[in-house]
Amino acid sequence: MPRPTATQLVYGSATVFLSTLAMLLLSQTETGIGVAVIAIAGLGLGLLVAMTVPMPGMPRRVRRPVLRGKSPAAPAPLRAVPAPVEARVHEHSG
């Protein structure tokens, strides 16, 4: 298993601190067991965040739709299309 990068450590530590603080303030627990449960939950969230931060040099797989056939990625630019010869003849004769 590769060693965690500095970014992973920072994100994980910040998540542990902020999530534990938020849960303690929102739950208003006063028992030791409640604090311990919240601390373990904060550590778990921090570990989850630290492990999901992309590591440098590790390519992330991006799923792109497979284009079937030869359809262009962007629409073709608009161009003037000359009128048929028959239309030109009728315009000048009238």
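**Exercise 1. The overall layout**

In what order do the elements of the protein chain run from the N terminus on?

Solution. Before we start, a word on the model: this one is predicted, local features need pLDDT of at least 70, side-chain atom pairs count only at pLDDT 80 or more, and totals for chains, interfaces and linings use all residues. Residues are numbered from 1 along each chain as its sequence is written, and side-chain values use heavy atoms, with hydrogens and water left out.

Step 1: Count the elements. The protein chain has 3 helices and 0 strands; helices (H or I, at least four residues) and strands (E, at least two) are DSSP runs, numbered from the N terminus.

Step 2: Read them off from the N terminus, and you get α-α-α.

Step 3: Check how much is hidden. Of the 94 residues in the protein chain, 12% count as buried. Here buried means under 20% relative accessible area, exposed over 50%, and partly exposed in between (1.4 Å probe, protein chains only).

Step 4: Look at the outside. The accessible surface of the protein chain comes to about 8,700 Å², and 67% of that belongs to carbon and sulfur atoms. Areas like this come from the Shrake-Rupley method with a 1.4 Å probe; for residues, only the protein chains shown count as cover.

**Exercise 2. Two sides of helix 1**

Work out which residues of helix 1 are buried and where they sit around its axis.

Solution. Step 1: Find the helix. Helix 1 covers residues 6-27, 22 residues in all, and reaches 31 Å from its first C-alpha to its last, close to the 32 Å expected at 1.5 Å a residue. The expected span is 1.5 Å times one less than the number of residues.

Step 2: Pick out the buried residues of helix 1: Gln8, Gly12, Thr15, Ser19 and Thr20.

Step 3: Look down the axis. These buried residues fall within an arc of 110°, so they line one face of helix 1. The arc is that of the directions from the helix axis to the C-beta atoms.

Step 4: Turn to the other side of helix 1, where Ala6, Val10, Phe17, Leu18 and Leu25 are exposed. Leu18, for one, has a relative accessible area of 53%.

Step 5: Spot the patch. Phe17, Leu18, Leu21 and Leu25 form a nonpolar patch on the surface, with about 430 Å² of accessible area together.

**Exercise 3. The partner helix**

Which residues are buried in helix 2, and what do they pack against?

Solution. Step 1: Helix 2 has 21 residues and reaches 30 Å from its first C-alpha to its last, close to the 30 Å expected at 1.5 Å a residue.

Step 2: Its buried residues are Gly34, Ile38, Gly42, Gly46 and Ala50. They cover an arc of only 135° around the axis, which puts them on the same side of helix 2.

Step 3: Those buried residues pack against helix 1, and the buried residues of helix 1 pack against helix 2 (32-52).

Step 4: The face of helix 2 turned away from its buried side carries exposed residues, among them Ile33, Val37 and Leu48. Leu48 has a relative accessible area of 54%.

**Exercise 4. Zooming in on Thr20**

Is Thr20 buried or exposed, and which residues does Thr20 touch?

Solution. Step 1: Thr20 is found in helix 1 and is buried, with a relative accessible area of 15%.

Step 2: Leaving out residues up to four places away in sequence, Thr20 touches Thr15, Ile38, Ala39 and Gly42. A contact means heavy atoms within 4.5 Å.

Step 3: Take one of those partners. The C-alpha atoms of Thr20 and Ile38 are separated by 6.2 Å, with the two residues 18 apart along the chain.

**Exercise 5. An unusual backbone angle**

What value does phi of Gln28 take, and where does Gln28 lie?

Solution. Step 1: Gln28 lies in the loop between helix 1 and helix 2.

Step 2: Its phi is near 50°, a positive value in a residue other than glycine. Most residues other than glycine have a negative phi.

Step 3: Finish with exposure: Gln28 is exposed, with a relative accessible area of 64%.

Key:
Patches are made of residues with over 30% relative accessible area and no salt bridge: like charges are joined within 9 Å, nonpolar side chains (Val, Leu, Ile, Met, Phe, Trp, Tyr) within 5 Å. A salt bridge is a side-chain nitrogen of Lys or Arg within 4 Å of a carboxyl oxygen of Asp or Glu.
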